Amino acid sequence: MVARELHLELLLGKCVVDIVGDRVGHIEEVIAKQQGDKWVISEYEIGVAAAVERFSAWGVGTKLLQLFGSRKAKLGGYRVPWDKIDLSELDRPRLTCTVEELKEISQQLGADST
């Protein structure tokens, strides 16, 4: 693996497509871990659930949805391991796997609070 410097601000908000070109969601968060004196990306979080998680708004989101009459709302979001996304074109990030291979961020927003 070749080390590469990446400006994360260029990635946030970019739409990610899967291996057949279908839209998966936008990059909302990047998770990095420190290894020695360097930080290494371990995964990307993509989709609406990632955005809600990013702003730590699970509780607020649940209450707002309940206010508008929804008991449970399905929010899509995925955790994508660093090696499952092709960033060779930063304007067009692409999964190197199927969506089914990814871990969902949350099955249901509000499932724990009802």
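**View A. Strand 1 meets strand 2 in a hairpin.** Two strands are said to pair if DSSP finds at least two bridges between them. Strand 1 and strand 2 qualify, because three antiparallel bridges join them. The structure shown here and in every other view is a predicted model. One bridge to look for sets Val-17 against its partner in strand 2, Arg-23. Five residues lie between the two strands of this hairpin, and Gly-21 in the turn has a positive phi of about 95°.

**View B. Strand 2 turns into strand 3 through a second hairpin.** Strand 2, spanning residues 23-35, pairs with strand 3 in the antiparallel sense over eight bridges. Follow the ladder and you will find Lys-33 opposite Val-40 of strand 3. Another rung places Ile-27 opposite Ile-46, again in strand 3. What does the turn of this hairpin look like in numbers, and which phi does Gly-36 take? Two residues sit between the strands, and Gly-36 takes a positive phi near 70°.

**View C. Strand 3 and strand 4 run side by side, with a charged pair on one bridge.** The two strands are antiparallel and are joined by five bridges. One of these bridges makes Arg-79 of strand 4 the partner of Glu-45. Their side chains also come together, with a polar contact of 2.3 Å between Glu-45 and Arg-79. Keep this pair in mind for the next view.

**View D. Glu-43, Glu-45 and Arg-79 form a salt-bridge network.** Side chains of opposite charge can pair when their charged atoms come close. Here the side chains of Glu-45 and Arg-79 meet in a salt bridge of 2.3 Å, N to O. Glu-45 belongs to strand 3 and Arg-79 to strand 4, so this pair ties together parts that lie 34 residues apart in sequence. Arg-79 forms a salt bridge with Glu-43 too, where the closest N and O atoms are 3.7 Å apart. That second pair also links distant parts of the chain: Glu-43 is in strand 3 (residues 38-47), Arg-79 is in strand 4 (residues 77-81), and they are 36 residues apart. Are the three members buried or exposed? Glu-45 is buried, with a relative accessible area of 2%. Arg-79, at 19%, also counts as buried, because the cut-off is under 20%. Glu-43, at 21%, is partly exposed, because its value is not under 20%.

**View E. A salt bridge joins Asp-91 to Lys-14.** How many salt bridges does a search of the whole structure find? It finds four. The one in this view brings the side chains of Asp-91 and Lys-14 to 3.3 Å, N to O. Its partners come from distant parts of the chain, 77 residues apart: Asp-91 sits in the loop between strand 5 (85-86) and strand 6 (94-95), while Lys-14 sits in the segment before strand 1 (15-17). Asp-91 is exposed, with a relative accessible area of 60%, and Lys-14 is partly exposed, at 24%.

**View F. The largest nonpolar core gathers 16 residues.** Those with the most contacts inside the core are Ile-27, Tyr-44, Ile-46, Val-80, Ile-85 and Leu-95. Strand 2, strand 3 and strand 4 are the elements that give two or more residues to this core. Tyr-44 is a handy residue to centre on. Leaving aside residues up to four places away in sequence, Tyr-44 touches Ile-27, Val-80 and Ile-85, among others. Its list of neighbours also includes Leu-6, Leu-11, Tyr-78, Trp-82 and Leu-87. Polar partners appear as well, including Glu-29 and Arg-79. Arg-79 is a residue you have already met in the salt-bridge network with Glu-43 and Glu-45.

**View G. Confidence varies along the chain.** The protein averages a pLDDT of 78, and 68% of the residues score at least 70. Where is confidence lowest, and where is it highest? Helix 2 (residues 58-67) has the lowest mean, at 60, whereas strand 6 has the highest, at 96. Over residues 107-114 the pLDDT is below 50, and this stretch makes 16 contacts in the model beyond near neighbours in sequence. Where pLDDT is low, the predicted coordinates should not be read in detail.

Methods. Residues are numbered from 1 along each chain as its sequence is written. This is a predicted model: local features need pLDDT of at least 70, side-chain atom pairs count only at pLDDT 80 or more; totals for chains, interfaces and linings use all residues. Side-chain values use heavy atoms; hydrogens and water are left out. Helices (H or I, at least four residues) and strands (E, at least two) are DSSP runs, numbered from the N terminus. Buried means under 20% relative accessible area, exposed over 50%, partly exposed in between (1.4 Å probe, protein chains only). A polar contact is a pair of N or O atoms within 3.5 Å; within protein, one must be able to donate a hydrogen and the other to accept it, and residues adjacent in sequence count only if both atoms are side-chain atoms. pLDDT is the predictor's confidence in each residue, from 0 to 100. Contact means heavy atoms within 4.5 Å. A nonpolar core is a set of buried Ala, Val, Leu, Ile, Met, Phe, Trp, Tyr and Cys residues joined through side-chain atoms within 4.5 Å.
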